[in-house]
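Got the viewer open? Let's walk through this one together, starting at a single side chain and working outwards.

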Amino acid sequence: MEARSAVGAVVTILGLIFMLYVLAKGASAGAIGSEEAVNRDAALLILGWFMVLAGPALWFGEAPAKVRRAAGRGG
Amino acid sequence: MANVYVIEVLAVVLALYTIAYIYYGRRILHEKVVRASAERPTPAIERYDGVDYVPTNKYVLFGHHFASIAGAGPIVGPAIAMAYGWALPLLWVIFGNIFLGTVHDYLALMASVRYGGLSVMSVSENVMGRKARYVFLLYTFMALILVYAAFASVAASLFRVNPSAATMSILYMPLALLMGILMYRTGIDIRISTLVTAILVIGAFYYAYKIPIHLASGWDAYHIWVLVLGVYSILAASLPVWYLLQPRDYLNFYLLFTFVIVAVFGGLFMANKVFTAPSYTSFSPNIIAGQPTPFWPAIPLIIACGSLSGFHSLVASGTSSKQLASELDALFVGFGGMLTEGALSTFAVIIPISLAWSAPELVNMEVFKESILELKAVPRFTAGYGYMLGKTMESLGLDFASTYKFFALLASVALAMFVMTTLDTGTRLARFAWQEIFDWLAPINRSLHSFVTNRWVASAIVVLIGTSLAYPTIEITLPGGKTSTVAAYNVVWPAFAGVNQMLAALALLTTALWVYSVIRTRGAYSALVMVPAVFLWVTVTAGLSWWLIKVAPYGNLATVQRYGAGAIIAFSLVLSIALLILFMQALVRGKQTPGTSTTQ
């Protein structure tokens, strides 16, 4: 695995863990975050969200073979 | 006026749209005017780059296109315009949709495809000269900054007051990304990928229904959401289209189509009900800034996307034209997308509000005291939608109050998806405009050009300027001397609406000239494009002039709105006149070349 893909995998998996942890905690508490100020859970969820959005692009690369084939650029 | 039944309106609108698609779209525009061909390779094939130029399944592309063009406009605009009664807004949606919006969107898409995926601004260079291109590009970049600011502010406001919509948005984007990976990476069939993701989306909706996200209290939450959305927009606008944008918009299509189909379903169940809203209240009720607002010429400043919108030409010639796999798909994507948007305005906004107008159930639930007009545009829309579907469910034996709340939330979530999509697509389009503005730099200093037009840098510039407009809240003085804090979109929206509609007029003039001078379609077919283009330019110019003369000096506007929005609108008028002169000059030159297609 290339370094770029490895970083992408770590970012994605960490992001997923952050999100799932906060979502599970929110499900038992009935809400995520606080109406007073930004708390740790809300910050962790937003951070995890960004990591999950950005990570797979590094992990999987930018143009999958299926997309290249559709453009007649081989696979 | 005699009672009007829901079924009558449904039948007339569906019949008109079917005729428009088959005869006006396919037989005339597609086959006679543009002469689309499967033999001609599209930019997605010829200029494939794996980031922006990517050939795409036409249903996936329809999803992206429809979700991108259907911002808050087709919902908020008609909801505001219901102050005229239901007949005039419905008339403008149908007329504008068929004769202006579809022509505008389809031709912007096809002109861009024929010019290798260039934006409609660059198409203007080919038909009106180099000056037109740079003026048009600069104008568009500014308009898109306003789009960003308006929609970031709307989204942050929505998340502040409805935290469940925020939860759904946070959950939805990773699921869309999963859909893209399933579809493109694992090779799983699109139907199975869709089914798996759809089940997860339903689960996410249930979770969001129960679990809100709170970031802070009061307006602090608004400010934080503006910043979070800024980071999201840079990410979403810079990543490859196949990765998030395409699958997200494809999923959006299902969500939004479900939203429209549910509305039609509700309409059919209410088919034997009559509209309780008046068909007509006044030609000039008090709407914009509390001033008497004449239906003509002000209506394009109120109803945008459901009827026509300049933003659509940027989507069509920005992202959609670069993903079109075949010219034959353009009718379905460009023309069909616009008709679907008109249907959204009609079935999900105008009909429900007409039914819920003074519903005693909503009075008892203290949604409003006497009439739905007491509500602002967004709650007016969610209340109307919730009411129609709540009554439908009641007729099936379910409780009205709980189903009303459920469908009102569905309406809020759908609106959030519309807004988020417009936000990041708008950022991507502004990045394209920015990159095109600096194309002259490439031969002079290649490394500086590479830096300035780098997709991450370009997206960040757009977001930084837009965020600086969206972030502040504004203190306004209400009649009676009380003050109130409002979000930035209250200032930005009227400027955005006016500039947006002028953009539509300019794009339609550009494509009309392309039809006349470049593909040289003449006679009645050419007039079908030229006449709407001139009509729209006259209407929008009159509308913006009315705003400057009647609203700016006397309306209940904040200082920044009066002078900031006023300056932008004045600039728009000057620019539109300059481009009209260039249009006339190019038309005269075009007349000297023979046509290739004439009609009786």
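Start with Val52(A), and look at what surrounds it. Once you ignore neighbours within four places in sequence, Val52(A) is in contact with Thr12(A), Gly15(A), Leu16(A), Met19(A) and Pro174(B). So that list includes a residue from chain B as well as residues from chain A. Keep in mind as you click around that this is a predicted model.

Where does Val52(A) sit? It belongs to helix H2 of chain A. Is Val52(A) buried or exposed? With 23 other C-beta atoms within 10 Å, Val52(A) is buried, because the cut-off for that label is 20 or more. You can also see the fold bringing sequence-distant residues together here: Val52(A) and Phe18(A) are 34 residues apart in sequence, yet their C-alpha atoms are 9.5 Å apart in space.

Now zoom out to the place where the two chains meet. Chain A puts 32 residues into the contact, and chain B puts in 31 residues. On the chain A side, at least two residues each come from helix H1 (3-29), strand E1 (32-33), helix H2 (40-60) and helix H3 (65-70). H2(A) gives the largest share, 11 residues. Sorted by class, the side of chain A that touches chain B has 21 nonpolar, 5 polar and 6 charged residues.

There's some strand pairing across the chains too. E1(A) is joined by 2 bridges to strand E1 of chain B, residues 213-214, and the two strands run parallel. If you want a spot to click on, Ile32(A) stands opposite Ile213(B) in E1(B).

Next, turn to chain B by itself. It has 22 helices and 3 strands. Its radius of gyration is 23 Å, close to the 25 Å that the globule rule gives for 600 residues, so chain B is as compact as a globular protein of that length. Along its principal axes, the C-alpha trace spans about 65 × 55 × 50 Å. Of the 600 residues in chain B, 57% count as buried. Among contacts in chain B with a separation of 6 or more, 83% are between residues 24 or more positions apart.

What's in the middle of all that? The largest nonpolar core has 236 residues, and the members touching the most others are Tyr148(B), Ala155(B) and Val419(B). Take Val419(B): leaving out residues up to four places away in sequence, it touches Gly71(B), Ala72(B), Phe151(B), Val154(B), Ala155(B) and Leu158(B). Notice that Ala155(B), another of those well-connected core members, is on the list for Val419(B).

Helix H4 of chain B, residues 73-81, is worth a look as well. How many of its residues are buried? The count is 9 of 9, so to speak of this helix as mostly covered is fair under the cut-off of 20 or more other C-beta atoms within 10 Å. Among the buried residues of H4(B) are Gly73(B), Pro74(B), Gly77(B) and Pro78(B). The buried residues of H4(B) pack against helices H5 (87-114), H12 (295-302), H14 (330-356), H16 (377-395) and H17 (400-437) of chain B.

One of those partners, H12, holds a backbone oddity. Most residues other than glycine have a negative phi, and most peptide bonds are trans. Trp296(B) and Pro297(B), however, are joined by a cis peptide bond, with omega about 10°, and Pro297(B) is in helix H12 of chain B.

Two arginines have a positive phi. Arg35(B), with phi near 55°, lies in the loop between helix H1 (6-33) and helix H2 (43-46) of chain B. Arg520(B), with phi near 50°, is in the loop between helix H20 (489-518) and helix H21 (524-551) of chain B. Arg35(B) is partly exposed, with 14 other C-beta atoms within 10 Å, and Arg520(B) is partly exposed with 16.

Finally, how far does the predictor trust its work? The model scores ipTM 0.89 and pTM 0.80. Chain A has a mean pLDDT of 84, with 80% of its residues at 70 or more. Among the elements of chain A, H1(A) has the highest mean pLDDT (93) and H3(A) the lowest (57). Chain B averages 86, with 95% of the residues scoring at least 70. Among its elements, H5(B) has the highest mean (94) and strand E2, residues 474-477, the lowest (67).

Technical notes
Residues are numbered from 1 along each chain as its sequence is written. Chains are lettered from A and ligands numbered from 1 in the order in which they are written. Two residues are in contact if their C-beta atoms, placed from the backbone, lie within 7 Å. Helices (H or I, at least four residues) and strands (E, at least two) are DSSP runs, numbered from the N terminus. Ala, Val, Leu, Ile, Met, Phe, Trp, Tyr, Cys and Pro count as nonpolar, Asp, Glu, Lys and Arg as charged, and the others, Gly among them, as polar. Two strands pair if DSSP finds at least two bridges between them. The radius of gyration is taken over C-alpha atoms; the globule rule is 2.2 Å times the number of residues to the power 0.38. A residue is buried if 20 or more other C-beta atoms lie within 10 Å of its own, exposed if 12 or fewer, and partly exposed in between; C-beta atoms are placed from the backbone. A nonpolar core is a set of buried Ala, Val, Leu, Ile, Met, Phe, Trp, Tyr and Cys residues joined through C-beta atoms within 7 Å. pLDDT is the predictor's confidence in each residue, from 0 to 100.
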